[in-house]
Amino acid sequence: MAWADNHCHLPADGASEVVAEARDAGVELLINVATDVEDSRQAIAVARDHRGVWATAGVHPHEASQGIAGLEGLLEQPGVVAVGEAGLDYFYDHSPRPVQREVFAEQIGLANRYDLPLVVHSRAAWDDTFAVLDSEGMPSRTVMHCFTGGPHQAEECLRRGAMLSFSGIITFPKAPEVRDSARLCPLDRLMVETDSPYLAPVPHRGKANRPAWVSVVGAAVADAKSLDVRDVQRATLAATRAFYLRDAARETNPAVES
């Protein structure tokens, strides 16, 4: 079965081994997500060198204090298919909250201006995440990556038109609310990810996560929704392609397949 990992962080050095392992495991599409401006440049370089890999350009809330200078110039680079990951993280507060909100708003503006998907990180900040999205105008293609909310937050995201992306957290014994959210999420509004090298799924907890393990996440989604895993595989691959590659020119990266 062919899978898509719609959110991973590939290493600048050693990406070829990780991508090859993923391909051997049936992962044919990987979205390499950036966390600051320099990381965005590296993500783009990795995408250009690997079939089936695409990049985002964005500034994570942890890095919001760095600002977004130089980010806009990267959004028209070949292989860039989204803005992000952007958002709010009030759990760690590595950047001041007002700065996080400002940088998040600026990236929402860029996604709208360039008609690009927006990849959202939200942790312990749902009310402000929704407030900033509502104020700035949520892009038509928005995904809540590594969704960790419960059914109420899921419904609020879906009501606004967002996609939900589930990570290895769905396999954790202490995350029943995440499984409840997957259960209520329509299959055509759902994607899967590893967020590698973070959040390795059960039974790989304690190890560095790998895009090759995205099928474990997909199987957990299928179990939560009482579906055949092949239905989840087909739906999430199609959703990832439609979400990120709708406007991607075939000549920029050979990942788009007929």
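This briefing walks through the sheet, a few helices and some individual residues of the structure above. The model is predicted, and its average pLDDT is 95, with 96% of the residues scoring at least 70. At its heart for our tour is an open sheet of 8 strands with parallel pairing. Welcome aboard, and keep the viewer open as you read.

**Confidence**

- Residues 254–258 deserve some care, as pLDDT stays under 50 throughout that stretch.
- The model does give residues 254–258 13 contacts beyond four places in sequence.
- Where pLDDT is low, predicted coordinates should not be read in detail.

**The sheet as a whole**

- Its strands follow the order β1-β2-β3-β4-β5-β6-β7-β8.
- β1 (3–8) and β8 (190–192) are the edge strands, each pairing on one side only.
- From one strand to the next, the twist averages 25°.
- β1 pairs with β2 (residues 27–32) in the parallel sense, over 4 bridges.
- Within that pairing, Cys-8 stands opposite Asn-32 of β2.
- Helix α2 (residues 37–49) packs on the sheet, where it touches β2, β3 and β4. The direction of α2 makes about 165° with that of β3.

**Strand β4 and its two partners**

- β4 covers residues 80–89, and 10 of its 10 residues are buried.
- On the β3 (residues 53–57) side, β4 is joined by 3 bridges, and the two strands run parallel. Ala-57 has Val-83 of β4 as its bridge partner.
- With β5 (residues 118–123), β4 shares 5 bridges, again in a parallel arrangement. Here Leu-88 has Ser-122 of β5 as its bridge partner.
- To get from β4 to β5, the chain passes through helix α3 (residues 97–114), giving a right-handed β-α-β crossover.

**Helix α5 and what it packs against**

- α5 spans residues 151–159, and its buried residues are Ala-154, Glu-156, Cys-157 and Leu-158.
- Those buried residues pack against two helices, α4 (126–136) and α6 (176–184), and against two strands, β6 (142–144) and β7 (163–166).
- Just after α5 comes Gly-161, which takes a positive phi of about 95°.

**Arg-141, a buried arginine**

- Look for Arg-141 in the loop between α4 and β6.
- Arg-141 counts as buried because its relative accessibility is 9%, below the 20% cut-off.
- The Arg-141 side chain reaches the backbone oxygen of Phe-243 at 2.8 Å.
- Leaving aside neighbours within four places in sequence, Arg-141 contacts Asp-115, Leu-116, Pro-117 and Leu-118, along with Ala-242, Phe-243, Tyr-244, Arg-246 and Asp-247.

**Val-229 in helix α8**

- Val-229 belongs to helix α8, which runs over residues 229–245.
- Is Val-229 buried, partly exposed or exposed? Val-229 is partly exposed, because its relative accessible area is 25%, which lies between the 20% and 50% limits.
- Beyond neighbours within four places in sequence, Val-229 is in contact with Met-1, Trp-3, Gly-218, Ala-219 and Ala-222.
- How far apart are Val-229 and Leu-158? They are separated by 71 residues in sequence and by 23 Å in space, C-alpha to C-alpha.
- Leu-158, at the other end of that distance, is one of the buried residues of α5.

Technical notes. Residues numbered from 1 in each chain as written. Predicted model: local features only at pLDDT ≥ 70, side-chain atom pairs only at ≥ 80, totals over all residues. Heavy atoms only, no water. Buried < 20%, exposed > 50% of the residue type's maximum accessible area, 1.4 Å probe, protein only. Contact = heavy atoms within 4.5 Å. Polar contact = N/O pair within 3.5 Å; in protein donor to acceptor, adjacent residues only side chain to side chain. pLDDT = per-residue confidence, 0-100. Pairing = 2+ DSSP bridges. Right-handed = clockwise from strand over helix to strand, strands pointing away. Axes fitted to C-alpha atoms, helices over the stretch in contact; angles between N-to-C directions.
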